[in-house]
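Visitor: Could you take me through this one, starting with a helix and working outwards?
Guide: Gladly; have a look at it first, and then ask away.

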Amino acid sequence: MFEKLQNELLPEVERIAYGPGESLGYAHFCHGVVLRILKRFNEAEAAFLKSNELNPGCVNTLREIVLCMG
């Protein structure tokens, strides 16, 4: 499952987050979730911070930031 996330889903989520969804907080949130599941916590935290910048105060995003920091 992790291999499929790493090799298939992550590249697609990155394409969206840094392409057509660049200004959408949800695109960066999804990118962060995939990175967190892959235990890439520093990168996930950066994605969640970008999501929070674009869509401030979303409880789910703030919770994910705390999970990454923990």
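**Inside and around H2**

Guide: The residues of H2 that count as buried are Gly 25, Ala 27, His 28, Phe 29, His 31, Gly 32, Val 34 and Leu 35, where buried means under 20% relative accessible area, exposed means over 50%, and partly exposed lies in between (1.4 Å probe, protein chains only). Helices (H or I, at least four residues) and strands (E, at least two) are DSSP runs, numbered from the N terminus. This is a predicted model, in which local features need pLDDT of at least 70 and side-chain atom pairs count only at pLDDT 80 or more, while totals for chains, interfaces and linings use all residues. Residues are numbered from 1 along each chain as its sequence is written, and side-chain values use heavy atoms, with hydrogens and water left out.

Visitor: What covers the buried residues of H2?
Guide: The cover includes helix H1 (2–17), helix H3 (41–54) and helix H4 (59–69), with contact meaning heavy atoms within 4.5 Å.

Visitor: And how far apart are the end C-alpha atoms of H2?
Guide: They are 19 Å apart, which agrees with the 18 Å that its 13 residues should span at 1.5 Å a residue; the expected span is 1.5 Å times one less than the number of residues.

Visitor: Which aromatic rings pair up?
Guide: The structure holds 2 aromatic pairs. In one of them, the rings of Tyr 26 and Phe 29 have centres 6.2 Å apart and planes at 20°, so this pair is stacked. The criterion takes rings of Phe, Tyr and Trp (its six-membered ring) with centres within 6.5 Å, and planes under 30 degrees apart count as stacked, over 60 as edge-to-face and the rest as tilted.

Visitor: Where do Tyr 26 and Phe 29 sit?
Guide: Both lie in helix H2 (residues 25–37), 3 residues apart, which is about one turn of the helix. An α-helix has 3.6 residues a turn, so residues three or four places apart point the same way.

Visitor: Is each of the two, Tyr 26 and Phe 29, buried or exposed?
Guide: Tyr 26 is exposed, with a relative accessible area of 62%, whereas Phe 29 is buried, at 15%. Ring pairs also link Tyr 26 and Phe 29 with Phe 48 into a cluster.

Visitor: What is Thr 61 in contact with?
Guide: Leaving aside neighbours within four places in sequence, Thr 61 is in contact with Phe 29, Phe 48, Ser 51 and Asn 52. Thr 61 is found in helix H4 and is buried, with a relative accessible area of 2%.

Visitor: Back to H2, then: what does Arg 36 contact?
Guide: With neighbours within four places in sequence again left aside, Arg 36 is in contact with Phe 41, Ala 44, Phe 48, Glu 64, Leu 67 and Cys 68. Arg 36 is found in helix H2 and counts as partly exposed, at 23% relative accessibility.

Visitor: What phi does Lys 39 take, just after H2?
Guide: Lys 39 has a positive phi of about 65° although it is not a glycine. Lys 39 lies in the loop between H2 and H3 and is exposed, with a relative accessible area of 60%.

Visitor: Changing topic, how many disulfides does a search of the whole structure find?
Guide: The search finds 0 disulfides, a disulfide being a pair of cysteine sulfur atoms within 2.5 Å. For Cys 30, the nearest cysteine sulfur is that of Cys 58, 11 Å away.

Visitor: Why do Cys 58 and Cys 30 form no bond?
Guide: The sulfur of Cys 58 is 11 Å from that of Cys 30, the closest cysteine sulfur, and that is too far for a bond. Cys 30 is partly exposed, with a relative accessible area of 24%, and Cys 58 is partly exposed at 26%.

Visitor: And the chain as a whole, how many helices and strands are there?
Guide: There are 4 helices and 0 strands in the chain. The radius of gyration is 11 Å, close to the 11 Å that the globule rule gives for 70 residues, so the chain is as compact as a globular protein of that length; the radius is taken over C-alpha atoms, and the rule is 2.2 Å times the number of residues to the power 0.38.

Visitor: What share of the residues count as buried?
Guide: Of the 70 residues of the chain, 33% count as buried. Along its principal axes, the C-alpha trace spans about 30 × 30 × 15 Å.
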